[in-house]
Amino acid sequence: MSANTHTLSMPGAMLQRGFWLYVWRVDTPDGELLYVGRTGDSSSPNAAPPYARMGQHLGHVKTSNALRAHLVRAGVEPESCRAFDLIAHGPLYAEQNDMDSHRGPRDIVAALEKQLACTLASAGYKVLNTIHCRQPLDKEIWSMVKAAFIEHFPDIREH
């Protein structure tokens, strides 16, 4: 093992709590892989900022390291990857005070998360995870979300 120096830069806006959509772009030894996620889950009324998910996704706690688990299942050792880029869009909604208020934004963002993953996959990107959601898609919000991600994933423009 040899020591190296690395840098990580993050805009302060990524510290905002609320409902975000994000895509991890992972440069693996075998090519690019994507992981689609969101903040504002079903287990609590909390909606953490995307930076909080960074360490969790790549950590070793099995209940929160979904990206690491998907990479390992795909035969990729996370430490062998050249880069992990996090593209986050939000907050789409503010964090809510209680579970009843949390459910509405959570369900809307869950449907957007599923649509984003499906759109990326149909455009030919290799998406590691499958999103299961039966909530209706808000097409007006989807058009704004899609426009935000086109800059980073131009092949979704026609999908």
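These are my notebook entries on a few features I looked up in this structure, which is a predicted model.

**Entry 1: the sheet**

I began with the strands. Three of them, in the order β2-β1-β3, form an open sheet with antiparallel pairing. Both β2 (31–38) and β3 stand at the edges with a single partner strand each, so one side of each has no neighbour in the sheet. I also looked up the turn between neighbouring strands here, and on average it is 15°, direction ignored.

Next I followed one pairing in detail. How many bridges join β1 to β2? I found 8 of them, and the two strands run antiparallel. As an example to find on screen, I noted Val23, whose bridge partner in β2 is Val36.

**Entry 2: a helix across the strands**

Then I turned to helix α4, which spans residues 139–150. Which strands does helix α4 lie across? I noted β1 and β3, with the helix running at about 150° to β3.

**Entry 3: salt bridges**

A reminder to myself: side chains of opposite charge can pair when their charged atoms come close. In this structure I have 7 salt bridges on record, and I picked out three to visit.

My first stop was Glu32 with Arg25, whose side chains meet at 3.0 Å, N to O. Are these two residues buried or exposed? Arg25 has 19% relative accessibility, and because the cut-off for buried is under 20%, Arg25 counts as buried. Glu32, at 35%, counts as partly exposed.

My second stop was Arg68 with Glu79, a salt bridge of 2.9 Å, N to O. This pair links distant parts of the chain: Arg68 sits in helix α2 (residues 66–73), while Glu79 is in the loop between α2 and β3 (83–93), 11 residues apart. I looked up Arg68 as well, and its relative accessible area of 11% makes it buried.

My third stop was Arg106, which forms a salt bridge with Asp107. Their closest N and O atoms are 3.0 Å apart. Arg106 is buried too, with a relative accessible area of 13%.

**Entry 4: a patch on the surface**

Last, I looked for nonpolar side chains on the outside. Which residues form a nonpolar patch on the surface? I wrote down Met10, Leu15 and Tyr51, which together have about 260 Å² of accessible area. I then checked Met10 more carefully. Met10 lies in the segment before β1 (19–28), and with a relative accessible area of 34% Met10 is partly exposed.

How values were computed
Residues are numbered from 1 along each chain as its sequence is written. This is a predicted model: local features need pLDDT of at least 70, side-chain atom pairs count only at pLDDT 80 or more; totals for chains, interfaces and linings use all residues. Side-chain values use heavy atoms; hydrogens and water are left out. A salt bridge is a side-chain nitrogen of Lys or Arg within 4 Å of a carboxyl oxygen of Asp or Glu. Buried means under 20% relative accessible area, exposed over 50%, partly exposed in between (1.4 Å probe, protein chains only). Helices (H or I, at least four residues) and strands (E, at least two) are DSSP runs, numbered from the N terminus. Patches are made of residues with over 30% relative accessible area and no salt bridge: like charges are joined within 9 Å, nonpolar side chains (Val, Leu, Ile, Met, Phe, Trp, Tyr) within 5 Å. Accessible areas come from the Shrake-Rupley method with a 1.4 Å probe; for residues, only the protein chains shown count as cover. Two strands pair if DSSP finds at least two bridges between them. Axes are lines fitted to C-alpha atoms, for helices over the stretch in contact, and angles run from 0 to 180 degrees between N-to-C directions. Contact means heavy atoms within 4.5 Å.
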